[in-house]
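These are my notebook entries on a structure, written in the order in which I looked things up. I begin with one chain as a whole and then go to its parts.

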Amino acid sequence: MKHLHGVSAAPGVVRGAWVRIDPSPAPAGGTIDPEAIGAEIARLAAASTAAAADLGTIAGRVREDGHPDEAAIFDAQAAIARDPALATMASERIEQSHEDAIRAVRAAAEAFAAQLRSLDDELLAARAADVVDVGGRIARRLAGRPESTAGLDRPSIVVADDLAPSVTATLPRDRLLGIALEGSSPTAHAAILARAYGIPAVVGVADLLTALGDPSNGGGSAPSELAIDGASGDVYLDPDSATRDRFDAGADAGRRRHESDVIEAALPAVTLDGTEVALLANIGTPDESEAAIALGAEGVGLFRTEFLFLERTGPPSENEQVAAYDRVVRAFAPHPVTIRLLDVGGDKPIPYLPIGEEANPFLGVRALRLAYGQPDLFVTQLRACYRAAAAGHLKVMAPMVADAGDVDLLLALAEHARGDLAAAGQPVGTIALGVMLEIPAAILVADSYAPRLAFASLGTNDLMQYTMAVDRGNARLDRYRDALHPALLRLVKQAVDVSARGGLELSVCGEMAGDPAAALALVGLGLRELSMASSSLPAVRRAIRGVRLSTLAAEASAALDDPSARSIRARFEPLVAVDVPA
Amino acid sequence: MTSRDVVFHDRYGLHPRAARRIQASLDGIAARVSLENLDGDGSSIDARGMLALISSGVRTGDRVRVTADGSDEEAALAAVADLIDSGVCHPDVPR
């Protein structure tokens, strides 16, 4: 057994057969006759266009897999392939040195990559691989060589010096056990993709390729098996039986944890004394529905719709929105899906939505406040909601509501949308209307509008920012930012009381609901519906199943008089059951 | 011709995805737009050039001068300068 050490790139442990993948050799190219210059430049242009189209296809596949951020990596690569700067530099080489298009485009890509490596910035230097990857792809197109879609004939750990992002994205994931690279860095796109796909990966493993190819290692032949720990960066060649047992136990524990999460997902979140709490998921795209359902989400308490509106030059059409909402509503039916109306502001400019510069965008014209000037955007979104509601149970909530005037606006927009559809003879479903409680004022005056709404949802992240006057991103203010701050708890209590009086259903959809100790405090205060990132569902479910409501209610009541978040945490953290069932 | 100075707020500097967003923000705009890294070598970078953008070495906190020239230069300036000002892909203030 030989032990090597690298850098953690994606957590998880795995052992198994390995296969080495070498970059499919980019063709070397040669020279051309001077009279062929024009034709060669045209060939280059066609190959660049084709390579850009291929990369666009890969981006589409990664996006379909539910990884929109990672898909953008390939959109950027496609833009590099289309960049006239690359073609211009390559064309100059064709004209002046009579290089053929293959040699010229590879040299041009290498020149740009060298510039990136020289920047003395680890992150940008890692992007040099992207540029070389694009140059190689165009060169292979020119040579008529297929891309190396490394087919794995059995489940294997992939070993290489470096892996191009486009190769990583196209490896068959059902047979890809793990990744071990001699070069690369945790910030390389290959590592980012491995994390997104949940594949253990170690990078920067010095001497890995030599050790694998060295016949003196492993008794005269290449090692038959590798074991990698993506969290610690350890790599073992031909692991001994003790190491194999350790890795199998680690892999088993990970699998058991996931299996028990999925098995327990079918159990109700009910306290020992029989009070049931509904656990829902927060999602940002329709693609996240499946994972949330697998972990037992009983609906969606917060469906952020910004993904439809960002990174484009015009607003999404009503039909495009209906398609997205309909997909989620059908996936969760008969459980409810709560759509949050567009929540953007001056901090997140949208080309077709002129907000203008604001000194303080978080206290500016954001979210529902935009509707005073741009009602059409919201009326269109509400029309799409009414249409999607025909397929199941849909709720719609407005963000950034401060008082009854904002509720008037929401109701007027909804009425307008419904009127439009009725006039056009379109089938319309029923939607429950509600508001996000994230501005303290909205809680203080909730009795002035509660009877006109069906529900309210506490957005505790912004509620904390606006209550404590603490910027969400400022690390120096961390001490104020505990969701169990007594000020926040008192506001939640007030929201519970006023909702009960006004007949509003109340839920929580901030990060507070996904923190097991804080979730117990919320249940103690009277909340019966919590919505959180689906990855938090198992831990919160376990915490609720391990306690008595009577205990939580007593602790919550006492916590309202505590002086600090720390003392409140001290009440609830010991109540969170720590043992993970085997 | 019009210009505005902004601070590059993306936590990871001018990386390829940020470059792509800057480039895409100019879709449908005719004006010529360039960036100048006031904390770098000060050379002029075409805001539509992917490779020029990513090899410019602009980092978080660098001051960047955005210059637009053409009939729709105001719209061009607003698109690019606001995008940079807001942090492009990874704003300093996460939401």
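**Entry 1. Chain A overall.** I looked first at how the contacts of chain A are spread along its sequence. Among contacts with a separation of 6 or more, 69% link residues 24 or more positions apart. I note that the model is predicted. For chain A I recorded 21 helices and 17 strands. Its length is 582 residues, of which 49% count as buried.

**Entry 2. A four-stranded sheet in chain A.** I looked up the strand order of an open, antiparallel sheet and found S1-S9-S8-S3. Strands S1 (2-5) and S3 (13-16) of chain A each have a single partner, so one side of each is left without a neighbour in the sheet. On average, and with direction ignored, neighbouring strands here are turned by 15 degrees against each other. I then checked one pairing: S1(A) and strand S9 (residues 234-237) of chain A are antiparallel over four bridges. Within S9(A), A:Asp234 is the residue opposite A:His5. Helix H10 (residues 241-264) of chain A lies across S3, S8 (226-229) and S9 of that chain. The direction of H10(A) is at about 130 degrees to S3(A).

**Entry 3. Strand S5 of chain A.** I asked how many residues of strand S5 (residues 156-160) of chain A are buried. I found five of its five residues buried, so I list S5(A) as mostly covered. In a regular strand the side chains alternate between the two faces of the sheet. In S5(A), A:Ser156, A:Val158 and A:Ala160 point one way, whereas A:Ile157 and A:Val159 point the other way.

I next looked up the partners of S5(A). Strand S4 (residues 18-20) of chain A runs parallel to S5(A) and is joined to it by three bridges. In that pairing A:Arg20 stands opposite A:Val159. Strand S6 (residues 176-181) of chain A also runs parallel to S5(A), with five bridges between them. Here A:Ile157 has A:Gly178 as its bridge partner in S6(A).

**Entry 4. Helix H17 of chain A and its packing.** I compared the span of H17(A) with expectation: its 17 residues reach 24 Å from first C-alpha to last, close to the 24 Å expected at 1.5 Å a residue. Its buried residues are A:Leu488, A:Leu489, A:Leu491, A:Val492, A:Ala495, A:Val496, A:Val498 and A:Ser499. An α-helix has 3.6 residues a turn, so residues three or four places apart point the same way. Just after H17(A), I found A:Gly503 with a positive phi of about 70 degrees.

Two packed helices are described by the angle between their axes and the distance between the axes. For H17 (residues 486-502) and H18 (residues 516-525) of chain A, I recorded an angle of about 40 degrees and axes 10 Å apart. The crossing of H17(A) and H18(A) is right-handed. On the H17(A) side the meeting residues are A:Leu489, A:Val492, A:Lys493 and A:Val496, and on the H18(A) side A:Ala521, A:Leu522 and A:Leu525. By class this contact has six nonpolar, no polar and one charged residues.

**Entry 5. The sheet of chain B.** I turned to chain B and found an open sheet of four strands, antiparallel, in the order S1-S4-S2-S3. S1 (2-7) and S3 (44-46) of chain B stand at the edges, and each has a single partner strand, so one side of each lacks a neighbour in the sheet. The average turn between neighbouring strands is 30 degrees, direction ignored. S2(B) pairs with strand S4 (residues 63-69) of chain B in the antiparallel sense over six bridges. One residue I looked up there was B:Glu36, whose bridge partner in S4(B) is B:Arg65. Helix H3(B) packs on the sheet and touches S1, S2 and S4 of chain B, with its direction at about 160 degrees to that of S4(B).

**Entry 6. B:Leu35.** Is this residue, B:Leu35, buried or exposed? I count B:Leu35 as buried because 27 other C-beta atoms lie within 10 Å, where the cut-off is 20 or more. B:Leu35 belongs to strand S2 (residues 32-37) of chain B. Beyond its neighbours within four places in sequence, B:Leu35 is in contact with B:Ile45, B:Ala47, B:Val64 and B:Val66. I also noted 6.5 Å between the C-alpha atoms of B:Leu35 and B:Asp46, which are eleven residues apart along the chain.

**Entry 7. Where the two chains meet.** I last looked up the interface: 28 residues of chain B are in contact with 27 residues of chain A. On the chain B side, the elements giving two or more residues are helices H1 (16-24), H2 (50-54) and H3 (73-85) of chain B. H1(B) gives the most, with six residues. By class, this side of chain B has twelve nonpolar, nine polar and seven charged residues.

Methods
Residues numbered from 1 in each chain as written. Chains lettered and ligands numbered in written order. Predicted model: local features only at pLDDT ≥ 70, side-chain atom pairs only at ≥ 80, totals over all residues. Buried ≥ 20, exposed ≤ 12 C-beta atoms within 10 Å, placed from the backbone. Contact = placed C-beta atoms within 7 Å. Nonpolar A, V, L, I, M, F, W, Y, C, P; charged D, E, K, R; others polar. Axes fitted to C-alpha atoms, helices over the stretch in contact; angles between N-to-C directions. Left-handed = near helix turned anticlockwise from the far one by under 90°. Pairing = 2+ DSSP bridges. Expected span 1.5 Å × (residues − 1).
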